[in-house]
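Subject: Structure handover

Hello,

I am passing a structure on to you. Please open it first, then read the notes below it.

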Amino acid sequence: MEEILNLSTSFNDSINNEVTSIVGEIAEVGLDAILKDELLKEIPFISTAISLYKIGSSISEKHHIKKLAVFINEINNKTIDENKKKIYRDKIASNKSISNRELEYVLVLIDRYLDYKKPKMLATLYLSFLDDEIAWNTFSELAEIIDRLLLSDIDCLREFYYHGGVTIKENIVPLASVLRLLSVGFVEQQVQKLYWDDIEESTHTQKNKTNFDYYITDFGKLFIGIFKDELLIKKSFDNSNS
């Protein structure tokens with residue numbers, strides 16, 4: 001399809017200063033005004049997506065369009081340097097067939113996300129991929145995990161990052177969040193490891209090597225590293241502006 005072939009081109013055309021002010025405006029308007037706004041036609045990536053997926057006027061479709069605007073807005077906000085923009089455009093244009101498939105996947109993910117903050121996170125994640133900080137497989141895995149987690153779970157992970165782990169009885173974080181982080185591999189449960197106190201054979205005792213019930217994994221640290229500006233500076237994704 002012609003629209004699919006143009007998807008990477010339209011994305012590249014949307015990484016520019018002129019689009020930045022337009023998408024920022026759309027990201028702030030109410031859903032009722034979304035399809036009435038002629039400015040949509042001036043954002044190539046969004047207009048191509050509307051044509052490709054035949055996006056109409058239902059509440060969910062308006063919601064999808066606004067999430068696309070949030071995504072492109074974040075891409076542009078984080079791509080101020082002109083040299084960076086050129087690097088991104090060149091990488092996407094270097095193999096359009098692969099880039100088109102990747103961007104189709106991005107569109108599907110954005111449609112699945114319920115919260116407006118998650119497309120912003122996806123933009124940060126996608127830029128990490130374009131910067132060669134993570135491979136595509138890692139990008140897609142983390143993008144799926146963003147869909148599975150609550151924003152409060154990500155706040156919970158920040159506490160793990162600060163302290164290395166948590167003890168449930170201290171009630172620092174909710175157990176439900178910890179279990180969701182456990183299910184995606186961001187934290188692990190402490191297996192009780194015992195060792196002998198061999199000062200004297202007669203005083204052998206068993207001791208825990210750590211007091212944590214759960215601790216952060218390298219995979220969890222990787223995720224935090226990608227979003228450290230958002231996670232470590234701001235108190236909470238829930239309390240930050242969309």
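The protein has 13 helices and five strands. Please keep in mind that this is a predicted model.

Some overall figures first. The protein has 242 residues, and 45% of them count as buried. Its accessible surface comes to about 12,600 Å². Carbon and sulfur atoms hold 51% of that surface. Among contacts with a separation of 6 or more, 74% are between residues 24 or more positions apart.

Now the sheet. Three strands make up an open sheet, in the order E1-E5-E2. Their pairing is antiparallel. In general, strands of a sheet pair through backbone hydrogen bonds, either parallel or antiparallel. Strand E1 (165-166) and strand E2 (187-189) are the edge strands, and each pairs on one side only. Two bridges join E1 to strand E5, residues 214-216. One partnership to look up: Gly165 has Tyr215 in E5 as its bridge partner.

Two helices pack on this sheet. Helix H10 (residues 151-163) touches E1, E2 and E5. Its direction makes about 85° with that of E5. Helix H11 (residues 175-183) touches E2 and E5. The direction of H11 makes about 105° with that of E2.

Next, helix H6, residues 82-94. This helix has 13 residues. From first C-alpha to last, H6 reaches 18 Å, close to the 18 Å expected at 1.5 Å a residue. Which residues of H6 are buried? They are Lys85, Tyr88 and Ile92. Seen down the axis of H6, these buried residues fall within an arc of 65°, so they line one face of the helix. The general rule behind such a pattern is simple. An α-helix has 3.6 residues a turn, so residues three or four places apart point the same way. On the other side of H6, Asn83 and Ser94 are exposed.

One last residue deserves a look: Asp132. Where does Asp132 sit? Its place is in the loop between helix H8 (117-130) and helix H9 (136-148). Phi of Asp132 is near 65°, a positive value in a residue other than glycine. Is Asp132 buried or exposed? Its relative accessibility is 61%, and exposed means over 50%, so Asp132 counts as exposed.

If you want a route through the model, begin with the E1-E5-E2 sheet. Then turn to H6 and its buried residues. Finish at the loop that holds Asp132.

Best wishes

Technical notes
Residues numbered from 1 in each chain as written. Predicted model: local features only at pLDDT ≥ 70, side-chain atom pairs only at ≥ 80, totals over all residues. Heavy atoms only, no water. Pairing = 2+ DSSP bridges. Helix = DSSP H or I, 4+ residues; strand = E, 2+ residues; numbered from the N terminus. Contact = heavy atoms within 4.5 Å. Axes fitted to C-alpha atoms, helices over the stretch in contact; angles between N-to-C directions. Buried < 20%, exposed > 50% of the residue type's maximum accessible area, 1.4 Å probe, protein only. Areas by Shrake-Rupley, 256 points an atom, 1.4 Å probe, with all protein chains shown as cover. Expected span 1.5 Å × (residues − 1). Arc of directions from axis to C-beta.
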